[in-house]
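Student: I'd like a close look at one part of this model, the place where two helices pack against each other. Could you walk me through it?

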Amino acid sequence: MQIFETIIYKPIGWLLEQLYYIFGNYALAIFMLTLVVTIVFIPLNMHQQKSGAKQARLNPKIAALKEKYGADRKKYNEELNKLYAR
């Protein structure tokens, strides 16, 4: 658990303390901390949404492959790998 303290708890605690000294109000400091964390994670969220959109576009094709090769798992996996390669 030492790693969580070093990597997560102390930096977030330090940032919350700095925000409190700037704004003088814990509610506002927590709000600003939440805003900072949200902004930091925007690139990861965008990547996840793009991947989800690509997967959604492939779902009909995957369903068609399942219907066509449902009993033959080996052939289904081969065709699925070809689809992912494209």
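Tutor: Here is the helix pair I'd pick, followed by another pair to set beside it. One caveat up front: this is a predicted model, so local features need pLDDT of at least 70 and side-chain atom pairs count only at pLDDT 80 or more, while totals for chains, interfaces and linings use all residues. Residues are numbered from 1 along each chain as its sequence is written, and side-chain values use heavy atoms, with hydrogens and water left out.

Let's take α3 (residues 42-69) and α4 (residues 73-85), whose axes come within 10 Å and cross at roughly 155 degrees. That makes α3 roughly antiparallel to α4 (angles over 145 degrees count that way, under 35 as roughly parallel, 65 to 115 as roughly perpendicular and the rest as oblique). Axes here are lines fitted to C-alpha atoms over the stretch in contact, with angles running from 0 to 180 degrees between N-to-C directions. The helices themselves are DSSP runs (H or I, at least four residues), numbered from the N terminus.

Who does the touching? On the α3 side you have Gln-55, Leu-58, Lys-61, Ile-62, Leu-65, Lys-66 and Tyr-69, and on the α4 side Arg-73, Lys-75, Tyr-76, Glu-79, Leu-80, Leu-83 and Tyr-84; contact means heavy atoms within 4.5 Å. By class, that contact holds eight nonpolar residues, one polar and five charged (Ala, Val, Leu, Ile, Met, Phe, Trp, Tyr, Cys and Pro are nonpolar, Asp, Glu, Lys and Arg charged, the others, Gly among them, polar).

Ile-62, Leu-65, Tyr-69, Tyr-76, Leu-80 and Leu-83 form the largest nonpolar core, and α3 and α4 each supply at least two of its residues. Such a core is a set of buried Ala, Val, Leu, Ile, Met, Phe, Trp, Tyr and Cys residues joined through side-chain atoms within 4.5 Å. Leaving out residues up to four places away in sequence, Leu-65 touches Gly-70, Tyr-76, Glu-79, Leu-80 and Leu-83.

Now look at Glu-79 in α4. Glu-79 is buried at 14% relative accessible area (buried is under 20%, exposed over 50%, partly exposed in between, with a 1.4 Å probe and protein chains only). Beyond four places in sequence, Glu-79 contacts Leu-65 and Tyr-69.

For the other pair, α1 (residues 2-23) and α2 have axes that come within 8 Å and cross at roughly 130 degrees, so they are oblique to each other. Their contact has 13 nonpolar residues, no polar and no charged.
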